[in-house]
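This report walks through one protein structure for a reader who is new to such models. Please keep the sequence and the 3D view open while reading.

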Amino acid sequence: MDSVSGDQIPPRFLDYEGSDYRTSFWEHGRREYEDLVERVALRKLLPPSSKRILDIGAGFGRLTDLYKHYDRVYLLDYSRSLLEEARSRLGTGRFTYVIASLYEMPFAENAFDTVVMVRVLHHQSDVPAALRSIETVVGPGGTFVLEYANKRHLKAILRYLLRHGPSPFSREPLEFAPLHFDFHPAYVEAEMDKAGFSIQRRLAVSTFRVGALKRFVPARVLAALDGLLQGPTAGLQLSPSIFLQAKAQKSGSGLACDPIFRCPLCRSIHLHLKENYLECGGCNRRWAAQDSLFDFKTPLD
């Protein structure tokens with residue numbers, strides 16, 4: 001994996017800007033089973049309430065109905081087009097939309113008591129840096145729910161035994177397509193520990209992600225079976241997707257006070273809201289801000 005420090009290569013990640021991700025990937029029943037089982041897992045792992053939740057890689061807001069009991073919901077993505085789609089569907093109110101990189105998030109330390117990241121880690125080239133960045137914004141004792149693509153799932157093991165695929169047992173991340181990574185559970189958990197997270201619970205998800213089954217068995221039937229097995233089979237670590245619930249092990253108490261935004265470049269707390277932008281008092285950069293959509297991807301000047 002790439003690492004970032006000093007003059008080393010910055011992390012790579014997939015940008016969904018301008019994509020038809022919602023219609024091409026999720027609609028028309030293409031991923032109904034996956035959507036259902038991920039919701040089952042999140043209902044088990046998310047806290048019953050939250051003052052301030054951050055959904056990293058939220059895209060068009062697929063999972064936001066699960067946050068209805070949370071006070072404030074922040075949706076972060078690198079794609080403006082997907083977040084604009086989310087805003088047009090969800091409105092403002094409790095929702096704030098933030099265009100930014102996972103590696104340069106524009107938030108104060110300890111800004112959130114809950115952070116969720118689903119279907120995002122497998123597009124990141126620098127897992128240690130990503131987890132360190134997330135740990136910074138999770139408050140002491142806060143909950144972090146992470147989903148990752150499992151390298152050693154059952155189909156990968158069978159392909160390896162038949163000499164049709166690489167070894168699923170080595171700990172190194174496998175980039176099987178550009179910016180598409182599978183991870184060994186031991187690797188992810190070791191990096192979580194290094195970043196300061198203590199894993200509380202594991203779930204095995206999408207066990208029945210098999211084309212033939214999905215064609216002939218109704219998605220809701222498969223999802224119900226999957227839900228029954230998520231906990232009992234988690235220790236086997238053979239499912240294509242694994243969900244982790246973790247706690248931030250940092251000392252202290254309480255969340256950062258409003259305003260929680262920080263300049264992603266100079267980290268100044270002095271961001272002054274003008275008519276349609278935030279102006280940084282530290283580095284004088286300006287960031288577009290309008291109708292609950294804040295663009296920290298590229299400064300205005």
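What follows covers the cores, one helix, the enclosed and open spaces, the cysteines and a few backbone features of a predicted model.

**Nonpolar cores**

The largest nonpolar core has 49 residues, and those that touch the most other members are Leu54, Phe107, Ile134 and Met192. Helix H4 contributes the most to this core, namely six residues. A second core, separate from it, has 31 residues, among them Leu36, Val37, Val116 and Ala223.

Which residues does methionine 192 contact, leaving aside its neighbours within four places in sequence? They are Leu131, Phe144, Leu146, Phe197, Ile199, Leu244 and Ala246.

**Helix H6**

Methionine 192 is also one of the buried residues of helix H6, which spans residues 185-195. The others are Pro185, Tyr187, Val188, Glu189, Glu191 and Ala195. In an α-helix there are 3.6 residues a turn, so residues three or four places apart point the same way. The buried residues of H6 pack against one helix, H4 (127-137), and against the strands E5 (138-149), E8 (197-205) and E9 (241-248). Just after H6 comes glycine 196, whose phi is positive, about 105 degrees.

**Enclosed and open spaces**

The structure has one cavity of 30 Å³ or more. The largest cavity holds about 400 Å³ of space. Its lining is made of 27 residues, and Gly57, Ala58, Asp77, Arg119 and Val120 lie nearest the centre. Helix H1 (21-26), strand E1 (50-56) and strand E2 (70-77) each give two or more residues to this lining.

The largest pocket holds about 710 Å³. Of the 29 residues that line this pocket, His122, Ala149, Phe176, Asp182 and Arg209 lie nearest its centre. Two or more lining residues come from each of H1, E5, helix H5 (154-161), strand E6 (174-177) and strand E7 (180-182). H5 has the largest share of the pocket lining, with three residues.

What kinds of residue line the largest pocket? They divide into ten nonpolar, nine polar and ten charged residues. For the largest cavity, the lining divides into 17 nonpolar, six polar and four charged residues.

**Cysteines**

A disulfide is a covalent bond between the sulfur atoms of two cysteines. How many disulfides does the model have? The count is zero. Cysteine 263 is in no disulfide, and the nearest cysteine sulfur, in cysteine 283, is 3.7 Å away. Cysteine 263 is buried, with a relative accessibility of 0%.

Why is cysteine 266 not bonded to cysteine 280? The sulfur of cysteine 280 is the closest cysteine sulfur to that of cysteine 266, but at 3.4 Å it is too far for a bond, because a disulfide needs the two sulfur atoms within 2.5 Å. Cysteine 266 is partly exposed, and its relative accessible area is 33%.

Cysteine 266 also meets the loop between strand E11 (277-280) and strand E12 (286-290), where glycine 282 has its place: glycine 282 touches Cys266, Ser268 and His270, not counting residues up to four places away in sequence. Glycine 282 and histidine 270 are twelve residues apart in sequence, and their C-alpha atoms are 6.6 Å apart in space. Is glycine 282 buried or exposed? Glycine 282 counts as exposed because its relative accessibility is 51%, and the cut-off for exposed is over 50%.

**Backbone features**

Most residues other than glycine have a negative phi, and most peptide bonds are trans. The table lists two residues with a positive phi that are not glycine.

| Residue | Phi | Loop | Relative accessibility |
|---|---|---|---|
| Arginine 163 | near 65 degrees | between H5 and E6 | 78%, exposed |
| Asparagine 284 | about 70 degrees | between E11 and E12 | 57%, exposed |

A cis peptide bond leads from aspartate 258 to proline 259, with omega near -5 degrees. Proline 259 lies in the loop between E9 and strand E10 (271-273).

Terms used:
Residues are numbered from 1 along each chain as its sequence is written. This is a predicted model: local features need pLDDT of at least 70, side-chain atom pairs count only at pLDDT 80 or more; totals for chains, interfaces and linings use all residues. Side-chain values use heavy atoms; hydrogens and water are left out. Buried means under 20% relative accessible area, exposed over 50%, partly exposed in between (1.4 Å probe, protein chains only). Helices (H or I, at least four residues) and strands (E, at least two) are DSSP runs, numbered from the N terminus. Contact means heavy atoms within 4.5 Å. On a 1 Å grid over the protein atoms alone, a cavity is a set of points where a 1.4 Å probe fits but cannot get out, and a pocket is an open set with protein on both sides within 12 Å along at least five of seven lines; lining residues have an atom within 4 Å of a point. Grid points are joined across faces, edges and corners, and a volume is the space filled by probe spheres set on the points. Ala, Val, Leu, Ile, Met, Phe, Trp, Tyr, Cys and Pro count as nonpolar, Asp, Glu, Lys and Arg as charged, and the others, Gly among them, as polar. A nonpolar core is a set of buried Ala, Val, Leu, Ile, Met, Phe, Trp, Tyr and Cys residues joined through side-chain atoms within 4.5 Å.
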